[in-house]
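Hi there,

Here is the structure I promised to pass on. Have a look at it first, and then read my notes underneath.

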Amino acid sequence: MNIGILTSGGDCPGLNAVIRGVVRKGIRAYGASFTGVRDGWRGLLEDDVHPLHVTDVRGLSGRGGTILGTSRTHPYSGGGPARMREVMERRGIDALVAIGGEGTLAGAARLAGEGINIVGVPKTIDNDLDGTDYTFGFDTAAAIATEAIDRLRTTAESHHRCMVVEVMGRHVGWIALHSGMAGGAHAILIPEFPQSYEQICAWVTSAADRGRAPIVVVAEGFTVAGEDDTPVADRGLDKHGRARLGGIGEMLAPVIEERTGIETRATTLGHLQRGGSPTAYDRVLSTRLGMAAADAALTGEYGKMVSLRGTRIELVELSAATEGLKKVPLERWEEAQILLG
Ligand code: F6P
């Protein structure tokens, strides 16, 4: 059997480890062959594919990015499933492993419903996919954000400043919650629980009164309670749909400075959180997911997605990934609040 592999949507540390896991397991346990699809669905729609050998995946477990490239091309553009079927037939591809986030997996679920042999692997640093306990890339992103908080703390203490650290998380606050807990932040601001300027400034002042350099971790999708509830990143888009304004961190810092009288700086971590090597945890999780995806694709478990349940890798319906966003629950938020200070 020949399996096509594609990575789609934003990149994420661990993608290469998944590819390596799929190929190694597929070749060693099933004698399968593989086709690499370039730049997600685009490669399949434009017949931009190439054989993927075991030597191509050597040494990949620690390499960031994706050797296959990625894009945000929609699977139903440019001929859609009919065109995909034609390319798969011509290239002798029997089934696909699609590694991607919510959009990719929703597309994969629809394609599976139309008879394309496909297995999904969930991916996002934001950790917001339902249907799996954790996504690979999240641990790496949280570790990078934690290191940034540690570094910002020493410069903040030297200058008696407040630091606002903006992390990724368009819809959910998992990276902010985990890095804020790990880094000992004094305020953790996430989209799930909007807070007022008064509350944010009270946290900052209380930390400063105890002689601490206040650290505020804010997820990019956070909105201030009682103010415009459109996330800052979604306001004032240019013709490419890109935000013209700075992010929420840059918006908060001057307000905190003005209201508390404490000099405040903002740092936006941005794509630093997606680049570079995955952590050991993410390498192992990605590899296990990749190996399980090879099993599913080579035993005909199409329309399924590999998923982490506790410590086990299981198969769930592809549609489970797109049923809803996995938000930070109230108890996790309250747990973090006890630690602040
Ligand atoms: O979906 C993951 C994510 O990291 C979001 O948190 C962030 O808003 C987005 O990707 C940024 O994507 P892009 O690479 O298109 O700027």
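Let me begin with glutamate 102: leaving aside its neighbours within four places in sequence, this residue is in contact with Leu129, Ala321 and Thr322. Please keep in mind that the model is a predicted one. Glutamate 102 is found in helix α4, which covers residues 102–113. It counts as buried because 21 other C-beta atoms lie inside 10 Å of its own, and the cut-off for that label is 20 or more. You may like to know that UniProt, in an unreviewed entry, places a "binding site" feature at Glu102.

The next residue also comes with a record. The unreviewed UniProt entry has an "active site" annotation that covers Asp126. In the model, aspartate 126 sits in the loop between β5 (118–122) and α5 (138–159). Is aspartate 126 buried or exposed? It has 28 C-beta neighbours inside 10 Å, so it counts as buried. Setting aside neighbours within four places in sequence, its contacts are Met168, Gly169, Arg170, Val172, Trp174 and Ile175.

Glycine 137 is in the loop between β5 and α5 too. Glycine 137 is buried, with 28 other C-beta atoms within 10 Å. Which residues does glycine 137 contact, leaving aside its neighbours within four places in sequence? They are Cys12, Pro13, Gly14, Lys123, Thr124, Ile125, Pro278 and Asp282. For a sense of scale, the C-alpha atoms of glycine 137 and arginine 235 are 27 Å apart in space, and the two residues are 98 apart in sequence.

Finally, a pair of helices. Two packed helices are described by the angle between their axes and the distance between the axes. Helix α1 (residues 15–30) and helix α9 (residues 280–298) have axes that come within 7 Å and cross at roughly 45°. That angle makes α1 oblique to α9, because it falls outside the ranges for roughly parallel (under 35 degrees), roughly perpendicular (65 to 115) and roughly antiparallel (over 145). The crossing of α1 past α9 is right-handed. By class, their contact has 10 nonpolar, five polar and five charged residues. On the α1 side, the residues that meet α9 include Ala17, Val18, Arg20, Lys25 and Tyr30. On the α9 side, Arg283, Leu289, Met291, Asp295 and Leu298 are among them.

Happy to talk it through whenever suits you.

Best wishes

Notes: Residues are numbered from 1 along each chain as its sequence is written. This is a predicted model: local features need pLDDT of at least 70, side-chain atom pairs count only at pLDDT 80 or more; totals for chains, interfaces and linings use all residues. Axes are lines fitted to C-alpha atoms, for helices over the stretch in contact, and angles run from 0 to 180 degrees between N-to-C directions. Helices (H or I, at least four residues) and strands (E, at least two) are DSSP runs, numbered from the N terminus. A crossing is left-handed if the near helix is turned anticlockwise from the far one by less than a right angle, and right-handed if clockwise. Two residues are in contact if their C-beta atoms, placed from the backbone, lie within 7 Å. Ala, Val, Leu, Ile, Met, Phe, Trp, Tyr, Cys and Pro count as nonpolar, Asp, Glu, Lys and Arg as charged, and the others, Gly among them, as polar. UniProt positions are given in the numbering used here, feature names are shortened, and annotations may be inferred rather than shown by experiment. A residue is buried if 20 or more other C-beta atoms lie within 10 Å of its own, exposed if 12 or fewer, and partly exposed in between; C-beta atoms are placed from the backbone.
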